[in-house]
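Here are some exercises on helix packing and ligand surroundings, each with a worked solution. Keep the viewer open and try each task before reading on.

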Amino acid sequence: MKSIREQISNKPWLGWLLFAATLVIVFFLGLLASTIMERRAEAMFAYTPQVEFESWEPRSAVWGENFPREYQSYLQTSDTTFRSQFNGSAMIDMLEVDPKMVVLWAGYAFAKDYNQGRGHYYAITDVYNTLRTGGPKKPEDGPQPATCWTCKSPDVVRIMERDGVEAFYKKTWAQLGPEIVNFIGCNDCHDAKTMNLRISRPALVEAFQKMGKDVTKSTHQEMRSLVCAQCHVEYYFNKKRVEGAAWLTFPWEKGLTVEKMEEYYDAIEFSDWTHALSKAPMLKAQHPDYEIYKTGVHADRGVSCADCHMPFKSEGGQKFTDHHMTSPLNNVANSCQVCHREETAKLIENVYQRQERIIEIRDQLEQLLVMAHVEAKKAWDLGATEVQMKEILQDIRKAQWRWDFSAAGHGSSFHSPVEMARVIGNGIRLAQDARIKLARVLAKLGFNEAIAYPDIATKAKAQQFIGLPMEDLRKEKAEFLQTMVPKWLEEAAAREKSYKVTRM
Ligand code: HEC
Ligand code: HEC
Ligand code: HEC
Ligand code: HEC
């Protein structure tokens, strides 16, 4: 038997034939590998259906009969025992931790009440409880539009399908109280028929359209972040689009960075409120988790929200996606060590170091902002003019937007530490600019003393300093919880009995 080399040198066509055969084999191997990857997800939820239900079914327990593992793990977002150094699933009263925030939000509902989120399980309860939603006594009452429900419940999908999107955004928060009762669930992220990931919220679809993109063309890996980006984003209520509607809008038209979103807001002269002390036209950052994550190294390497917050889990030899969305530090083995070889303690230390450093500089920006607001109030009190204050108020607006942008997402100092440091650095410069200009204005008005830092050592002191009637607010809320909420829940329970579910 001659060696292959000898045979080929006798018959050159044989070499080409071998080459072609190899190409064909490699091509089909590649094809096989890619279908395996695609099928993996599908194969994993090969299941025997127990129930059939409507495409808008908001009750996750019903879906859970078909997918018990996903459902059980999803219910674990009710567990509030885990605490990391700065975050976790325990409710944390952020105004108590950091009373400076009360002054920064003077004149806005966040100064009344602001907690670090617990978990999806509490999305409805916490929105009942927060002083920010007030104590409506009638459906038309209360400070908030129905739009506030948008990121809380799969009932939103049901109502938008039934009444249309515009009608939804036109209602008050209390008008939809009896309709929206199920916390964030399966129908927010999945298509009922195929179980594919899908975008259920029009705001994200519209934001993509405005950027000239089609969200339905996203890759599977992108979808593993985009389902979260339906809610974990910066947004505002656009009241100019349709008369009488608070239209949920993401300010992404010019880009997703802190500057591009600011440009967008500046161009439409938008402000969330006028600051009670400085009278600056303020912006409130919501929770730009997705936008900030996009600037980090993990996003750059194609790691999705679900990779860290919904890792695979095995139970009885069955692999499935852990739906207990929480701090990944509660589960470093599945969340991080799939990719990183370091010990658990080391990885946690890496996270804490980044968080500590960002919080250190953010805290400095916060103190400068407190002073800027207090000094601006002094200037107004001494008779400063609009013209004298105009630029100063713009500096304050911009500085605080940067502070809030970096503080509002509780994962951001890990998701993208370098970007956070850049944003805060620019915030510090702007806050100092404001204060230098303020010192000049104050001197012109004949005031040359240093202004003392206010005594805002506790939340109660800070709320007193800005003059919030906390007693009244709490009383109003207690009454609402005792009278309105039980009625809402009763009405909902009666209605839900009529939803069609077929058992197999
Ligand atoms: C329908 C809106 C919605 C979607 C979709 C959503 N979330 Fe949330 N998420 C919320 C709300 C609202 C809270 C706060 C709930 C509370 O504590 O009352 C929250 C809280 C959380 C928390 C814990 C709260 C914290 O700040 O400590 C984590 C972690 C989280 N979400 C991750 C995710 C991930 C990851 C995804 C995507 C796979 C996702 N969420 C999709 C609305 C949503
Ligand atoms: C915040 C979004 C979100 C919610 C809410 C959610 N899922 Fe998922 N689900 C995901 C993501 C992300 C995956 C991973 C999908 C993938 O990569 O293909 C997933 C995967 C699945 C799968 C595929 C099998 C597996 O385990 O990977 C099933 C089945 C499933 N979810 C069922 C449910 C059920 C039932 C509920 C409600 C109890 C639910 N999901 C709620 C985001 C969500
Ligand atoms: C799917 C893979 C994957 C997962 C899951 C993952 N990482 Fe990473 N991580 C990466 C990649 C890729 C990089 C970029 C560095 C590189 O290319 O070597 C990175 C970078 C890092 C860095 C350095 C980046 C910086 O900020 O300077 C840290 C720290 C880190 N990861 C921690 C974690 C922790 C903690 C978790 C779990 C919560 C985690 N990673 C989960 C893939 C992953
Ligand atoms: C590389 C892993 C990784 C990726 C990717 C990632 N996160 Fe995180 N996330 C973390 C870590 C680590 C923390 C900090 C947890 C802590 O401090 O306890 C965190 C914190 C959070 C928190 C606050 C949780 C809490 O306990 O208060 C939310 C909400 C969150 N992430 C949402 C998201 C969303 C939405 C995405 C995608 C847009 C995302 N994360 C992408 C690792 C990740």
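Angles between helix axes under 35 degrees count as roughly parallel, and those over 145 as roughly antiparallel. One caution before we start: this is a predicted model.

**Exercise 1. Work out how α19 and α21 are oriented relative to each other.**

Step 1. Take the geometry: α19 and helix α21 (residues 417-444) pack at an angle of about 155°, and their axes are 8 Å apart.

Step 2. Apply the cut-off: angles over 145 degrees count as roughly antiparallel, and α19 and α21 are therefore roughly antiparallel to each other.

Step 3. Add the handedness, which is left-handed for the crossing of α19 and α21.

Step 4. Find the residues that meet. On the α19 side they include I392, I396, A399 and W403, and on the α21 side they include V423, G427, L430 and A434. By class, this contact of α19 with α21 has 13 nonpolar, four polar and six charged residues.

**Exercise 2. Do the same for α18 and α19: at what angle do their axes cross, and which residues make the contact?**

Step 1. Helix α18 (residues 344-381) and helix α19 (residues 386-407) have axes that come within 10 Å and cross at roughly 150°.

Step 2. That angle makes α18 roughly antiparallel to α19. The crossing in which α18 passes α19 is left-handed.

Step 3. From α18, the contact residues include L365, L369, A372 and A376, while α19 contributes I392, I396, A399 and W403 among others. The contact of α18 with α19 divides into 11 nonpolar, three polar and two charged residues.

**Exercise 3. Decide whether α18 and α21 are roughly parallel or antiparallel.**

Step 1. The packing angle of α18 and α21 is about 20°, with their axes 9 Å apart.

Step 2. Since angles under 35 degrees count as roughly parallel, α18 and α21 are therefore roughly parallel to each other.

Step 3. α18 passes α21 in a left-handed crossing. Their contact has 19 nonpolar, three polar and five charged residues.

**Exercise 4. Check the length of α18 against its expected span.**

Step 1. Helix α18 has 38 residues, and at 1.5 Å a residue these should span 56 Å.

Step 2. The end C-alpha atoms of α18 are 55 Å apart, which agrees with that expectation.

Step 3. Look just past the helix: α18 is followed by G383, whose phi is positive, near 95°.

**Exercise 5. Describe what surrounds each of the three ligands.**

Step 1. Ligand 1 is surrounded by 26 residues, the closest being G117, D126, C228, C231 and H309. Two or more residues each come from α7 (123-129), α10 (186-189) and α16 (305-309), and α16 gives the largest share, three residues. The shell around ligand 1 holds 12 nonpolar, 10 polar and four charged residues.

Step 2. Ligand 2 has 25 residues around it, with E70, C186, C189, F320 and T321 the closest. The elements giving two or more residues to its shell include α2 (12-44), α10 and β9 (318-321). By class, the shell around ligand 2 has 16 nonpolar, six polar and three charged residues.

Step 3. Around ligand 3 there are 16 residues, of which R301, P328, C336, C339 and N350 come nearest. At least two shell residues each come from α15 (297-300), α16 and α18, and the largest share, three residues, comes from α18. The shell around ligand 3 has 10 nonpolar, four polar and two charged residues.

Technical notes: Residues numbered from 1 in each chain as written. Chains lettered and ligands numbered in written order. Predicted model: local features only at pLDDT ≥ 70, side-chain atom pairs only at ≥ 80, totals over all residues. Near = placed C-beta within 6 Å. Helix = DSSP H or I, 4+ residues; strand = E, 2+ residues; numbered from the N terminus. Nonpolar A, V, L, I, M, F, W, Y, C, P; charged D, E, K, R; others polar. Axes fitted to C-alpha atoms, helices over the stretch in contact; angles between N-to-C directions. Parallel < 35°, antiparallel > 145°, perpendicular 65-115°, else oblique. Left-handed = near helix turned anticlockwise from the far one by under 90°. Contact = placed C-beta atoms within 7 Å. Expected span 1.5 Å × (residues − 1).
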